[in-house]
Amino acid sequence: MGIEEQKEEREVLDSIFPDEITDLSDTSYRISITLDVPDDHGEAPEPPVLLLNVTYPEAYPDVGPHLDITAPPNAAKHPQLDIQADKSQLIDALQPTIEDSMGMAMVFTLVTTLKEAAETLISDRIRQVEAAKEVEAREKEEEENRKFHGALVTRERFLEWREKFRKEMEEKERRQKEEEEAEDKKKRGGKADEKKLTGRQLWERGLVGKGDEDDIDGDDAVAAVEKLKVEA
């Protein structure tokens, strides 16, 4: 019963995939599957192609077929699909279909499932690449914004800035006070530190009697008189 079902399925597949199916032996063949994937910004102008190699065991379809996935000779490698590296994942994606189809012709369903699994894998990877590019672009934009808005203010940075600001203001006030004192001294002709002459100094300099008597203090006046008596 298995052989008859195998022949019938093979005839049906030949009518569905007239240009895609190639016999390898009486019990094996391969089907070429062209994938439909989103435009990856021109990185892969040629759509990727998978070859599903099918071999019927004697008990098929009561058991699953032997399957292998390869790439066409000299096929361009798609940036988001490595058939050798991804083969195991794609074969695993076919196992639920095999289990659900036991006792029935299943190769057409397997081709459809494989095509969908491979296209989903590529689409997911393209989205991941685009998401990574968006994250990178967003990080660059945030970095540019930080240049204009400054660094994020934390409590530690604020306290450091406040201490620095206080020291700068104290230094500014000190310099301003020194400048004001220097300006005031300049306006007074630089005589701010000149000391007033005592009565003795006025007497010795012969300035007494010239309108300055009132400036002689008591002790110095007495001393001056005693000196005058001695000299007489």
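**Note on the predicted model: sheet, helices, rings and core**

1. The charged end of R10 sits over the ring of Y29, 5.4 Å from the ring centre. This is a predicted model. Y29 also belongs to an aromatic cluster, together with Y56 and Y60.

2. Within that cluster, look at Y56 and Y60. Five aromatic pairs turn up in a search of the whole structure. The ring centres of Y56 and Y60 are 4.5 Å apart and the planes lie at 25°, so this pair is stacked. The cut-off for stacking is planes under 30 degrees apart. Both Y56 and Y60 are buried.

3. A second stacked pair is W161 with F165. Here the centres are 5.4 Å apart and the planes are at 15°, so the rings count as stacked. Both residues are in helix α4 (residues 155-187); because they are four residues apart, about one helical turn separates them. Is F165 buried or exposed? Neither label fits: at 38% relative accessibility, F165 counts as partly exposed.

4. Now the sheet. Four strands form an open sheet in the order β1-β2-β3-β4, and the pairing is antiparallel. β1 (21-23) and β4 (66-70) are the edge strands; each has a single partner, so one side of each has no neighbour in the sheet. On average, neighbouring strands are turned by 20° against each other, direction ignored.

5. Strand by strand, the pairing starts with β1 and β2. They form a hairpin, with four residues between them. Three bridges join these antiparallel strands. I21 stands opposite I31 in β2.

6. How many bridges join β2 to β3? Seven, and the two strands run antiparallel. S28 stands opposite T55 in β3.

7. T55 appears again at the next pairing, where it stands opposite H66 in β4. Strand β3 (residues 49-55) is joined to β4 by five bridges, again antiparallel. Helix α2 (residues 83-100) packs on the sheet and touches β3 and β4; its direction makes about 145° with that of β4.

8. The other end of the sheet has a helix too. Helix α1 (residues 2-16) lies across β1 and β2 (28-34). Its direction runs at about 140° to β1.

9. Which residues have the most contacts inside the largest nonpolar core? They are L50 and V107, in a core of 29 residues. The elements giving two or more residues to this core are β2, β3, α2 and α3 (107-149). α3 gives the most, with nine residues.

10. L50 merits its own entry. Leaving aside neighbours within four places in sequence, L50 is in contact with I31, S32, I33, L35, I69, T70, L81, I83, L90, L114 and A118. One of these contacts, I31, is the residue that I21 stands opposite.

11. Last, a polar residue to check: T97, which is found in helix α2. At 12% relative accessibility, T97 counts as buried, because the label applies under 20%. Not counting residues up to four places away in sequence, T97 touches T109, L110 and T113.

Definitions and conventions. Residues are numbered from 1 along each chain as its sequence is written. This is a predicted model: local features need pLDDT of at least 70, side-chain atom pairs count only at pLDDT 80 or more; totals for chains, interfaces and linings use all residues. Side-chain values use heavy atoms; hydrogens and water are left out. Two strands pair if DSSP finds at least two bridges between them. Axes are lines fitted to C-alpha atoms, for helices over the stretch in contact, and angles run from 0 to 180 degrees between N-to-C directions. Contact means heavy atoms within 4.5 Å. Rings of Phe, Tyr and Trp (its six-membered ring) pair if their centres lie within 6.5 Å; planes under 30 degrees apart count as stacked, over 60 as edge-to-face and the rest as tilted. Buried means under 20% relative accessible area, exposed over 50%, partly exposed in between (1.4 Å probe, protein chains only). A charge sits over a ring if NZ of Lys or CZ of Arg is within 6 Å of the ring centre and within 35 degrees of the ring normal. A nonpolar core is a set of buried Ala, Val, Leu, Ile, Met, Phe, Trp, Tyr and Cys residues joined through side-chain atoms within 4.5 Å.
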